Amino acid sequence: MAQNLYGHGVRIGNWNEDVYLEEELMKDFLEKRDKGQLLIQRNRRMKEMFLRPTQLSVSEDGYVHTGDKVMLVNPDHPEMEADLFLRGDLSLCLTPDEIRAHLSDQLEVPCGLSAAPTTSPVGRNTFILLSEDGEATGQVLRFGQNFRIGITGGFEDKMLFLTSDHRTLLKSSKRSWLQEVYLTDEVSYLSCWQAAFLDPQLRLEYEGLPVPANASILINHCHTNRGLVAHRHLFLRTYFGKEVEVAAHTHLDSHRVEKPRNHWMLVTGSPRKGSLTMLDVRRPPAEGTHAPEQAAAPGAQ
């Protein structure tokens with residue numbers, strides 16, 4: 001009966017070529033490791049840049065200014081049109097393409113966006129409010145004023161701007177097929193936005209007034225007049241996990257009022273110790289909250 005009598009030390013076939021191939025693979029691996037070009041090294045560097053803690057600007061007068069570092073947060077609300085949706089406060093986040101992020105150490109443009117339940121300020125969700133000229137002048141931002149929303153993503157030498165344009169057959173959002181919102185380094189009218197007051201009956205009266213910090217407002221695109229929206233029921237698989245889609249579309253209810261998915265807050269930093277943002281500061285209960293309880297107590301007059 002035939003048996004394989006060769007041991008592991010016997011060299012058969014193209015053994016010399018196999019030895020040289022293993023040596024070349026090891027040399028290539030060591031060279032990439034020394035240069036920091038390994039996939040795991042690039043992945044670690046990118047995550048360190050995007051998830052590096054940042055410091056938000058503290059508003060002293062209760063308003064936002066050009067040059068402030070803020071978070072764009074969609075407040076928590078129930079989604080009535082879907083059974084499965086993401087709860088909690090969702091912040092606008094930079095979301096690079098997973099394949100491009102693995103192949104390059106720099107941000108590739110155009111870069112995508114998403115909304116994630118991240119309430120701590122990091123590199124990927126800290127935005128800078130800029131004037132229409134792209135400068136940080138420190139002036140108070142007002143309703144109806146054109147401004148730009150920029151982000152560095154943790155990189156000091158690169159500024160990307162929140163941009164949108166009319167949807168086409170070849171260019172639209174991934175899940176809803178609505179108007180796409182993305183980040184680019186080009187400065188144009190497509191990257192201009194305006195803040196609007198929530199109540200449509202008082203919107204004209206608030207034109208020219210300062211935009212309050214940490215209050216719900218509308219953010220509309222100047223070129224298309226579409227509102228920035230977070231679709232809590234449309235999930236995306238991103239470089240950082242499960243998040244939801246962000247697009248440019250104005251959703252109106254039966255009263256022609258913007259739905260909560262179009263509401264955004266420009267969240268600033270907290271001056272209190274132990275609190276990173278104003279979201280961590282709990283609001284005191286309203287006056288008269290305990291009045292019904294006191295009235296229902298035994299012996300109440």
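This is a short dialogue on reading the nonpolar core and the aromatic pairs of a predicted model.

Reader: Glad to be here! What should I know about the model before starting?

Author: It is a predicted model, where local features need pLDDT of at least 70 and side-chain atom pairs count only at pLDDT 80 or more, while totals for chains, interfaces and linings use all residues. Residues are numbered from 1 along each chain as its sequence is written, and side-chain values use heavy atoms, leaving out hydrogens and water.

Reader: How many residues does the largest nonpolar core have?

Author: In soluble globular proteins, nonpolar side chains tend to be buried together. A nonpolar core joins buried Ala, Val, Leu, Ile, Met, Phe, Trp, Tyr and Cys residues through side-chain atoms within 4.5 Å; buried means under 20% relative accessible area, exposed over 50%, and partly exposed in between (1.4 Å probe, protein chains only). Here the largest has 40 residues, and L72, I149 and L266 are among those with the most contacts inside it. A second, separate core of five residues includes L56 and V267.

Reader: Which aromatic pair does F143 form?

Author: Rings of Phe, Tyr and Trp (its six-membered ring) pair if their centres lie within 6.5 Å; planes under 30 degrees apart are stacked, over 60 edge-to-face, the rest tilted. F143 pairs edge-to-face with Y206, at 6.1 Å centre to centre and 90° between the planes.

Reader: Is each partner buried or partly exposed?

Author: F143 is buried, at 4% relative accessibility, whereas Y206 is partly exposed at 27%. Y206 also meets F197: their ring centres are 3.8 Å apart and their planes at 5°, so that pair is stacked.
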